[in-house]
Amino acid sequence: MDQQTEQDKLESIATPGVLDKYQNAGKIVNVVLEKVITKLQPEGDVASICAFGDSEISGELQKVYNKKGIEKGLAFPTTISVNQICGHYSPLKSESSKLVKGDVAKIELGVHIDGYIAIAAHTVVVGEDKVENQKADVILAAYQSVQALYRSIKPGVTNTALTKIIQQIADDHKCTPLEGVLSHEVKRHFIDGNKVIINRETQEQRVDEEEIQVNDVIVLDVYITTGDGKTKESELRTTVYKRALDRQYQLKTKHGRAFMQEVYDKYPSLCFSLRAFEDEITAKLAVQECAKHELLNPYPVLISPNSIVAQFTFTVAVLANSTLQISGLKLDETKFKPAHDLNDAALKELLKLPMDKESQKKRHLEQKQKA
């Protein structure tokens, strides 16, 4: 999929069958995410668990949409990032690490069916049922933020208003939204559409104000840290990449050409991990050559130094009278005892709102009548 076709541009969740594909991708994301969570135990091997997640996605996809011509696969490989690691950690077998009791682990993965993308992320504390103080604050701040965004996002709401909600909730929990994170609109075959919600606005990092519109599908991606919100690149190897669709170059080496051919065949437009390639050494060499000629966009492993980072991600579809959650799991908040509670009354009420379709339609009708 080298470029977005005119048909892709015109298609939306209003097109018959499209919303079903998003929803089926979302169901697979949630099923696999729950399976991966059960594997997050002390001494668990991160590379093996990531490989398990990708394998489960492949298995679940074989059960749906088996008509000829419908592409299915990873939209984002399984990553498990602990403590100060912000995301994108999907190590090679030879560079793996073990989970330790008390690790704050963020799992992220994504699926596409016919190019329609669902992504989710969830945070757990390894080997602990009860979570207190700072760990509880940062996890609840991230989870309550994504839930508040889900309840607030609707036609006419601005992306800047949504950013303020994240900041408000983080402030109450004495935490900080992570800098440099964007929630993206997704389109067919495109994981990073132009409409974005910035996780944290600073003097240096701002986005143009835009309104949410009917039929937008958005991956709400919230990261909160106990640190100052700044990130830096870690020394860990980058393994997650996406093809740079606007770049063409004939590679000189045989292994480089073979590697890129496999990328074209299996991951024409979405993200993949080097773990997926059998020969680690060849993949490492090939990636260096591809990077030199800017054929791949890297997803580096960033850290928020000396902190704990939590992440929750939902994919949502914005309809005229309601917002539909495509992917993302619930968190049992009763297991968390934070040092600081959410104290904004309006946000507390917002988080209590039921999100079934009928309740949303009823609220929409009441608002219209008041207007």
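In this predicted model, helices H2 and H3 lie roughly antiparallel to each other, and the reason is the angle: over 145 degrees counts as roughly antiparallel, and this pair comes in at about 150 degrees. H2 takes up residues 18-39 and H3 residues 46-61, and their axes sit 9 Å apart. As for handedness, H2 passes H3 in a right-handed crossing. On the H2 side, the contact is made by Ile28, Val31, Val32, Lys35, Val36 and Lys39. H3 answers with Ile49, Phe52, Gly53, Glu56, Ile57, Glu60 and Leu61. Sorted by type, the residues of this contact come out as 8 nonpolar, 1 polar and 4 charged.

Next comes a stretch picked out by a database. The UniProt record, an unreviewed entry, carries the annotation "domain: Peptidase M24" for residues 21-225. Within those residues, helix makes up 34% of the chain and strand 25%. The C-alpha atoms at the two ends of the stretch are 34 Å apart.

Further along the chain there's a sheet to look at. It is an open one of 3 strands, ordered S11-S10-S12, with antiparallel pairing. Strands S11 (272-273) and S12 (296-299) stand at the edges with a single partner strand each, so one side of each has no neighbour in the sheet. S10, which covers residues 240-243, runs antiparallel to S12 and is joined to it by 4 bridges. Across this pairing, Arg243 stands opposite Leu296 of S12. Helix H6 (residues 254-266) packs on the sheet and touches S10, S11 and S12. The direction of H6 makes about 75 degrees with that of S10.

Note on methods:
Residues are numbered from 1 along each chain as its sequence is written. This is a predicted model: local features need pLDDT of at least 70, side-chain atom pairs count only at pLDDT 80 or more; totals for chains, interfaces and linings use all residues. Side-chain values use heavy atoms; hydrogens and water are left out. Axes are lines fitted to C-alpha atoms, for helices over the stretch in contact, and angles run from 0 to 180 degrees between N-to-C directions. A crossing is left-handed if the near helix is turned anticlockwise from the far one by less than a right angle, and right-handed if clockwise. Contact means heavy atoms within 4.5 Å. Ala, Val, Leu, Ile, Met, Phe, Trp, Tyr, Cys and Pro count as nonpolar, Asp, Glu, Lys and Arg as charged, and the others, Gly among them, as polar. UniProt positions are given in the numbering used here, feature names are shortened, and annotations may be inferred rather than shown by experiment. Two strands pair if DSSP finds at least two bridges between them.
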